[in-house]
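Here is my note on the model you sent round. The points are numbered so that you can reply to each in turn.

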Amino acid sequence: MTLTALGRAEPTAPLDGTRSTPAVRLCVVSLEHTTPPGQALSDTDRCRPQQFRRLSCALLTSWDLLPHIASVELLITELLTNALQHGEGPDVEVMTSAGDDYLHVFVRDGSSHKPAPRPLDMEAENGRGLRLVTAIADEVYVSQDGTTVHCALALQARAA
């Protein structure tokens with residue numbers, strides 16, 4: 001796992017004195033996955049969601065976004081597990097960012113197949129991840145090329 005960027009930029013005053021640029025918080029992590037598409041997760045990949053839950057908890061704590069930890073942990077767990085199991089690229093990238101109004105989670109897996117919720121089967125052990133994601137996130141988008149899922153959580157509405 002490689003942490004490729006971690007930063008927090010404080011609001012800056014513009015040169016013309018109109019209004020400041022909002023704070024931007026960003027973390028991008030890339031990892032190489034070891035599971036062939038459609039196969040059961042390898043031992044290494046099975047540990048990744050737990051590692052990312054710990055990372056997101058520390059990250060959101062440092063960003064003073066404690067009320068959003070449980071939601072982000074669930075979003076990252078579901079999206080990362082899907083990416084590791086079904087992604088076709090050699091790497092998976094998870095990007096978390098927060099501005100004043102929204103917290104964003106992006107997961108890129110290199111697969112050109114757009115994810116779609118499976119028919120609901122109460123007896124199945126899996127297949128509910130995308131339904132959970134759409135229930136928790138305020139907005140969910142899939143990129144045109146199918147490689148990236150983007151979730152947004154409204155910060156103001158949840159902070160109250």
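**Notes on the predicted model**

1. Cysteines. Cys 27 is buried, at 3% relative accessibility. Cys 47 is partly exposed, and its relative accessible area is 40%. The model is a predicted one. The disulfide count is zero. No cysteine sulfur pair therefore falls within the 2.5 Å that a disulfide requires here.

2. Overall make-up. The chain has four helices and six strands. In sequence order the pattern reads β-β-α-α-β-β-α-β-β-α. The chain has 160 residues, and 38% of them count as buried. The accessible surface is about 9,000 Å². Carbon and sulfur atoms hold 54% of that surface.

3. Contact range. Take the contacts in the chain with a separation of 6 or more. Residues 24 or more positions apart account for 62% of them.

4. Salt bridges, the count. How many salt bridges are there by the rule used? There are two. Side chains of opposite charge can pair when their charged atoms come close. The two pairs are taken in turn below.

5. Salt bridge within a helix. Arg 46 pairs with Asp 43, with the closest N and O atoms 3.3 Å apart. Both residues sit in helix H1, which covers residues 43-62. They are three residues apart, about one turn of the helix. Asp 43 is exposed, with a relative accessible area of 59%. Arg 46 is partly exposed, at 49%. The cut-off explains the two labels: exposed means over 50%, so Asp 43 passes and Arg 46 does not.

6. Salt bridge between strands. Glu 93 forms a salt bridge with Arg 108. Here the closest N and O atoms are 4.0 Å apart. Glu 93 lies in strand S3 (residues 91-98), and Arg 108 lies in strand S4 (residues 102-108), so the pair ties together parts 15 residues apart in sequence. Glu 93 is partly exposed, at 25% relative accessibility. Arg 108 is also partly exposed, at 29%. The cut-off for buried is under 20%, so neither residue counts as buried.

7. Nonpolar core. The largest nonpolar core holds 31 residues. Which residues have the most contacts inside it? They are Leu 60 and Leu 103. At least two core residues come from each of strand S2 (24-32), H1, helix H2 (69-86), S3, S4, helix H3 (129-136) and strand S6 (148-154). H2 gives the largest share, eight residues.

8. Contacts of Leu 103. Set aside the neighbours within four places in sequence. Leu 103 is then in contact with residues that include Leu 60, Leu 65, His 68 and Val 72. Further along the sequence, the contacts of Leu 103 include Cys 151, Ala 152, Leu 153 and Leu 155. Thr 96, Ser 97 and Ala 98 are also among the contacts of Leu 103.

9. Hairpin. Strand S5 (residues 139-142) pairs with S6 in the antiparallel sense, over four bridges. Tyr 141 stands opposite His 150 in S6. The two strands, S5 and S6, form a hairpin with five residues between them. In the turn, Gly 146 has a positive phi of about 80°. S6 is also one of the elements that supply at least two residues of the largest nonpolar core.

Conventions:
Residues are numbered from 1 along each chain as its sequence is written. This is a predicted model: local features need pLDDT of at least 70, side-chain atom pairs count only at pLDDT 80 or more; totals for chains, interfaces and linings use all residues. Side-chain values use heavy atoms; hydrogens and water are left out. Buried means under 20% relative accessible area, exposed over 50%, partly exposed in between (1.4 Å probe, protein chains only). A salt bridge is a side-chain nitrogen of Lys or Arg within 4 Å of a carboxyl oxygen of Asp or Glu. A nonpolar core is a set of buried Ala, Val, Leu, Ile, Met, Phe, Trp, Tyr and Cys residues joined through side-chain atoms within 4.5 Å. Contact means heavy atoms within 4.5 Å. Two strands pair if DSSP finds at least two bridges between them. Accessible areas come from the Shrake-Rupley method with a 1.4 Å probe; for residues, only the protein chains shown count as cover.
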